[in-house]
Amino acid sequence: MKDLFEIIEKPQNFPYCPGCGHTSIDMALARAIFELNLEKKDVLIVSDIGCVGLVDKLFNVHTLHTLHGRSTAIASGVKMVDEVLFDNQLKTIVMIGDGGATIGLLHLVESAKLNVDITVLVHNNFLYGMTGGQHSGLTPKEFKTSTTIRGNPFEALRIIDILKNSGASFYARTFSQDPDLKDIIKEAISHRGFSVIEILELCTGYATRYNDIKGNDLKIILENSGGKIKEKIERESFGLLYKSKFFDKKSEFEFTEIEAERKINLKNPIKIVIAGSAGEGVQLASSLLCISAILGGLNSTQKNDNPVTVGSGFSVSEIIIKDGDIKYTGIEEPDYLIITSMDGLKRVKGFIERSKNIIIDESLTDNKNFIRVPARKYIKLRGGPTYFSLGVLFGKFNPFDFELYEKAILKYGKAKDETLTCFREGLNFGRKL
Amino acid sequence: MKIFTSGGELIAKGAIDAGVRFFAGYPITPASVIYEPMMRELPKVEGIAVGASDEISAISYCIGASLRGIKSMTATSGPGFSLMIESLSYAIMSEIPITIVLAQRLGPATGGATTSSQGDLLFSAFSNSGSYPLPIISPSSIEECYELIIHSVNVSEFLRTPVIFLTEKEITMTKKSIDLNFLKKPEVLERKYFSGNGQFKTYNFKDLKDVPDFSPVGGEFLTRYTGSAHDKKGDLKKDDPEVIEVLYHLKEKILKNIDKFLFYEYFERNSDILIVSYGVTSESVREIAELKKVSYLILKTLYPLKEEFLKSIFEKYKKIIVVEENIMGNLYILIRHLLGTKAYSLTKIGSLISPGEIKNFLESI
């Protein structure tokens, strides 16, 4: 590039108000890009909403005009991919105002935390310039705006402190007339990782209307609010970390794969509902039941029901086993209803009248029509009540080969010894019924 | 060989097979069952999966990744989708392909995290400011998640639009024995890149229905992407006829290309009765239609609808029942002007609509 004005419009064509700090910042950025000798196609300017978002047309590089506050997040998506999946050449610069930094604060925090390799220029003119000069989260205390006519009663957010503490690996703070601005921007762009510069500037449209303030006062405001800052910390960027941490093994998509061992002849589908308490193995034992059916060449489905907490309250599984395609995965009339706890009993009350056979823990009912079993005696063993009750089901009704269920436990289960013991105890109990 | 898996896992597998190499997620039931396998599996194929700090970040990351040229996806449920809407509008306006899986749960608000529901069809169809059309595709069974997520990514890519993959808790979280050999894999399609012939404009088209050739940010041709009203070049403008033309193009490229993503299952029997449904309820419809010897139409493209096509089917029947698991009859509202006089809306919330409930309704009319 021979001429600075290959990448930026002449300042007389800028759309900003006379004296607006945006002009100085845009020119400093253009000079930084020029002096770094970057190719136009290797620069992306991501703009936010507000006057700061008028920047796109001024630059002859890639530009991306986004939503209010979302510029940082969208730029981060671009750069994550560029760093990990491409050649990591794209210098991504976010142009955001104090309003955008407030509404999109969490994006800034998160990108700093992840150390995404972007550069964020926070244009802090203390107010929302495009919409009429309202105060923002970065408006200094006592500063007057169209919505804080008597002076802002609150302290401004210290955006650099926030991002420093969020993990930004390059952070700086200065003002738009600072002769060093271009060099600070150059350093920020060259830095590999999240870099942010807060640049104090003056909105000549509104800040001067409500406050007795001139461009030279910015330096004083800067000094009174933490002063000029520039710090750099060496830390691995998102992309390098991601690649080194995750791109280490190639393997197939992990499914639970099951090879059928035999073909069971099953005339009618089997519909089983298991109702118990969370943490008592209902869902795993049910999965193993489905798997045992697949081992026998059948099809199965498992529809689960639990409250929003997975570790307390009821846990219910509806299981269908069929020789053929299963469509509707709910159960209207269970062939077998297993109830192992009071939580489960309360949840499946509606099923009781519609169930053909009910296996229930003996502590829960005196009803002689139910098959009452000592399931909860096995509570100390992993999933004890559930595996015992399933053993009873196989022992008494022999829906299909119980050995397949034992194989499912051995191949796909957890705490295999304990669960197998409970299942076999149940099996013996069921056979005697 | 069979697998024992959930719709959520099949969505993840299908997305990866469709070429998705970027996923950003935020935990939410019942969409976490897509987030988790994507975090596990994408690095294995040198893709990126990242946890976001909220759903706005998740969709924003996807937008950025797609702009760099990588197929991108996110997955959420009603509350998270609510947060994504501003960015969804942005992706429509700036013509950025992304696939959003919306796994429905009981609404409104946080509603019921673990309760299935089909309440978000109207919500998602009209979820952008300006009410521009965007494709909504919905699987009607667990195994179909695989095939239709590939179609969804395809549609998103070749039409350069966000696509909503609308599904439900009882599809994403219910497990089923599946024979991998029987899963249908559609051909994978790519977005069309600018070839370098002629002048590159970010939003160039001749016909309103044309999809502009894509070039990534950071690519050889300088791009100008924007979510504000713009001309074909991408310059923000007001009161310019070309800006209005670009906006009509956003509508036409979806509506005029509808045949490229018209997915449905029509089972015609010698019957006066037609059952219309979609999503998880389809399985109950298939079961009962077989038993009662009635016809059925399962819609897998839920929006926009090809009205003349639907009308040509509806005209053959004396009674049409639209069955869905929500409170207002979402699909019924979308198609009622096409249904004729004897139309019924069968709805329910709180649990799946069973074949028995449809049978009882059929017998009552």
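Colleague: How many cavities of 30 Å³ or more does a search of the whole structure find?
Modeller: Happy to look with you; keep in mind that this is a predicted model. The search covers the whole structure, and the cavities of 30 Å³ or more that turn up number two.

Colleague: What volume does the largest cavity have?
Modeller: Let's start with its walls: K327(A), Y328(A) and T329(A) line the largest cavity, together with chain B residues including S141(B), E143(B), K176(B) and L352(B). By class, that lining has five nonpolar, two polar and five charged residues. The space they enclose has a volume of about 70 Å³.

Colleague: And which residues line the second largest cavity?
Modeller: The second largest cavity holds about 30 Å³ of space. Its lining divides into three nonpolar, two polar and two charged residues. By name, they are L90(A), K91(A), T92(A), D117(A), I118(A), T119(A) and I189(A).

Colleague: Turning to helices, at roughly what angle do the axes of helix 10 and helix 14 of chain A cross?
Modeller: Two packed helices are described by the distance between their axes and the angle between them. Here helix 10 of chain A spans residues 282-295 and helix 14 of chain A spans residues 402-412. Their axes come within 8 Å, and the crossing angle is roughly 115 degrees.

Colleague: Is that crossing of helix 10 and helix 14 of chain A left-handed or right-handed?
Modeller: Good one to check on screen: in helix 10, L288(A) and I291(A) are among the residues meeting helix 14, whose side includes Y405(A) and I409(A). The contact has 10 nonpolar, one polar and one charged residues. As for its hand, the crossing is right-handed.

Definitions and conventions: Residues are numbered from 1 along each chain as its sequence is written. Chains are lettered from A and ligands numbered from 1 in the order in which they are written. This is a predicted model: local features need pLDDT of at least 70, side-chain atom pairs count only at pLDDT 80 or more; totals for chains, interfaces and linings use all residues. Side-chain values use heavy atoms; hydrogens and water are left out. Axes are lines fitted to C-alpha atoms, for helices over the stretch in contact, and angles run from 0 to 180 degrees between N-to-C directions. Helices (H or I, at least four residues) and strands (E, at least two) are DSSP runs, numbered from the N terminus. A crossing is left-handed if the near helix is turned anticlockwise from the far one by less than a right angle, and right-handed if clockwise. Contact means heavy atoms within 4.5 Å. Ala, Val, Leu, Ile, Met, Phe, Trp, Tyr, Cys and Pro count as nonpolar, Asp, Glu, Lys and Arg as charged, and the others, Gly among them, as polar. On a 1 Å grid over the protein atoms alone, a cavity is a set of points where a 1.4 Å probe fits but cannot get out, and a pocket is an open set with protein on both sides within 12 Å along at least five of seven lines; lining residues have an atom within 4 Å of a point. Grid points are joined across faces, edges and corners, and a volume is the space filled by probe spheres set on the points.
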